[in-house]
Structure formats: C-alpha cells, structure tokens
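Please open the structure in your viewer and keep the sequence panel visible beside it. The tour below proceeds by selections, each followed by a description of what is found there.

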Amino acid sequence: MSGAPQDPPQGHSADHGQRKYEEYAYVLDYTPRGKSNTVRGREGVIVQAIGEERLTMLELLGVQNSTFDVGERLYIGREGRNKIVSVLGRLDYNDVSQSAKNELPAIVEKVVLANEKRFVDYVNMSQPITPRIHALELIPGIGKTYMMTIIKEREKKKFESFADLQARVGLREPAKLVAKRIIEEIMGQARMNLFVRK
C-alpha cells in the first residue's frame, strides 16, 4: 500500500494500552479549497473536526469534491475511509475558524449525548482529586451540595443515564454541563483535563 498518505501520530501513549488514533470525528467546519494550518503547502478540502474519543481538534484532508455537513460523524480510522484522505494533524483552539468555534458547543453536546454511557460512567466512578476537591466539582454547575447528593445516590445505585442523574439529583441538563467542561478544556481554560486527551 505504498504511496498512501501517512497520518502523524495524534498524541503520545500516556493512556496505557488504549488506541492512539481517533476512529471517528465530527465536522465543525470545512473549506472546499483551503490551505492546511498543520502541514505546510498542503491544500485541498480542509476539514476542521473534533475527535470522538480523545476530544481533540483535528485537521483533516477531505477527498477532492466531497462535501461535508457540520456535525457529520466521519470515519477517520486507518482502514476504509471514504471521505477523508488523511488526518493532517491536531489543531489548537486558536487555529480553528470562527464558524468552527461557533459550532463547537452544539457539536460537543452531540458527542456527549452520542457517548452518554461513557460520561455517565465518569459520574459514577469519579473520585476526589485532592482532599479538598472532588473530580465532580470540576464540572460546571456541580458544587459541594450536588456532589454530596451524587455520591450518596450513586452508592445506592449507579446512574444509568443523564435522565436518571437529572431525576435523582435534580441536576439540570447534565449533558450540557459536561459539554461546557469539555469546551473549557479545549480552550485551554482548565488547569487539568478530565475528558480531553492531549
């Protein structure tokens, strides 16, 4: 299979034994005739997207004459891509278009809802980070009171969904709160990342 574009690694393997590469990404913006921010001299269909697993911003090279919808879930794994030629590299929040930034909250919420179990499991499993701060408190909207209620409730029975969490704890729109935290991490406003993996 020589001559196929090689993908740069998307981060180093600090997560032991987990996949290094994204399998899927969600489109934030695309330019039919654009210039790459990450690979000098590379031009073509440039897609800005967010990876589903690691939640990092990615720049993709689309197949010539392809069109993309904002929010579209694309397969970007190693084998069998149909609309993407290659993953060009990771993007910094400051390098994405204004329109991608505008779409980010809705798309991140879409990713959170599409992977609900993973984020509900986080609420079920999270532990204190320091004697004073619990990982749950790093999610916007969860202060000490909600944190205590969540811990008490999950000891009785693990949460099964965002709806279950909302019903039992009274926390409104937990998916939006998780999405808000992810956006803070993407923007580099968080001292510590819970969800976005470098």
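Two strands are said to pair if DSSP finds at least two bridges between them. That term will be needed shortly; please note also that the model is a predicted one.

**The whole chain**

Begin with the entire protein in a cartoon view. Its secondary structure consists of five helices and five strands. Following the sequence, one meets the pattern β-β-β-β-β-α-α-α-α-α. The protein has 198 residues, of which 47% count as buried. Of the contacts between residues at least 6 apart in sequence, 57% join residues at least 24 apart. Now display the surface: about 10,900 Å² is exposed, and carbon and sulfur atoms supply 50% of it.

**First selection: β1 and β2**

Select residues 24-35, which form strand β1, and residues 43-51, which form strand β2. These two strands run antiparallel and are joined by eight bridges. For one example of a bridge, show T31 together with its partner in β2, I46.

Is strand β2 largely enclosed or open to the outside? Eight of its nine residues are buried, and therefore β2 is largely enclosed by the rest of the structure. Here a residue counts as buried when its relative accessible area is under 20%.

**Second selection: β3**

Add residues 57-62, strand β3. This strand pairs with β2 in the antiparallel sense, over six bridges. Keep I46 on display and add L61 of β3, which stands opposite I46. I46 is thus a useful place to pause, since T31 is also its bridge partner. A further bridge between the two strands can be shown by selecting A49, whose partner in β3 is L58.

Next, look at the hairpin of β2 and β3, which has five residues between the strands. Within this hairpin, L55 takes a positive phi near 60°. Most residues other than glycine have a negative phi.

Return to β3 and show its side chains. In a regular strand the side chains alternate between the two faces of the sheet. In β3, M57, E59 and L61 point one way, while L58, L60 and G62 point the other way. Which of these residues are buried? All of them are. With six of six residues buried, β3 is largely enclosed by the rest of the structure.

**Third selection: β5**

Select residues 84-90, strand β5. Five bridges join β3 to β5, and the two strands run antiparallel. Show R90, the bridge partner of L58 in β5. L58 may already be on display from the previous step, where A49 of β2 was its partner.

**Fourth selection: two loop residues**

Move to N65, in the loop between β3 and β4 (73-75). Although N65 is not a glycine, its phi is positive, at about 65°. N65 has a relative accessible area of 72% and is therefore exposed.

Then select E173, which is placed in the loop between α4 and α5. E173 too is a residue other than glycine with a positive phi, near 45°. Its relative accessibility is 37%, so E173 counts as partly exposed.

**Fifth selection: T145 in α3**

Select residues 144-156, helix α3, and find T145 within this helix. Is T145 buried or exposed? At 64% relative accessibility, T145 counts as exposed. Now use the distance tool between the C-alpha atoms of T145 and V169: they are separated by 10.0 Å, and the two residues are 24 apart along the chain.

**Last selection: the cavity**

Rolling a probe the size of a water molecule over the atoms shows where empty space is left. In this model, one cavity of 30 Å³ or more is counted. About 40 Å³ of space lies within the largest cavity.

To see its lining, select V123, I139, I142, I150, F162, L165, L171, P174, L177 and V178. What classes of residue make up this lining? There are 10 nonpolar residues, with no polar and no charged ones. Colour the helices α4 (162-169) and α5 (174-186), each of which supplies at least two residues of the lining. Helix α5 gives the most, with three residues.

Key
Residues are numbered from 1 along each chain as its sequence is written. This is a predicted model: local features need pLDDT of at least 70, side-chain atom pairs count only at pLDDT 80 or more; totals for chains, interfaces and linings use all residues. Side-chain values use heavy atoms; hydrogens and water are left out. Helices (H or I, at least four residues) and strands (E, at least two) are DSSP runs, numbered from the N terminus. Buried means under 20% relative accessible area, exposed over 50%, partly exposed in between (1.4 Å probe, protein chains only). Contact means heavy atoms within 4.5 Å. Accessible areas come from the Shrake-Rupley method with a 1.4 Å probe; for residues, only the protein chains shown count as cover. On a 1 Å grid over the protein atoms alone, a cavity is a set of points where a 1.4 Å probe fits but cannot get out, and a pocket is an open set with protein on both sides within 12 Å along at least five of seven lines; lining residues have an atom within 4 Å of a point. Grid points are joined across faces, edges and corners, and a volume is the space filled by probe spheres set on the points. Ala, Val, Leu, Ile, Met, Phe, Trp, Tyr, Cys and Pro count as nonpolar, Asp, Glu, Lys and Arg as charged, and the others, Gly among them, as polar.
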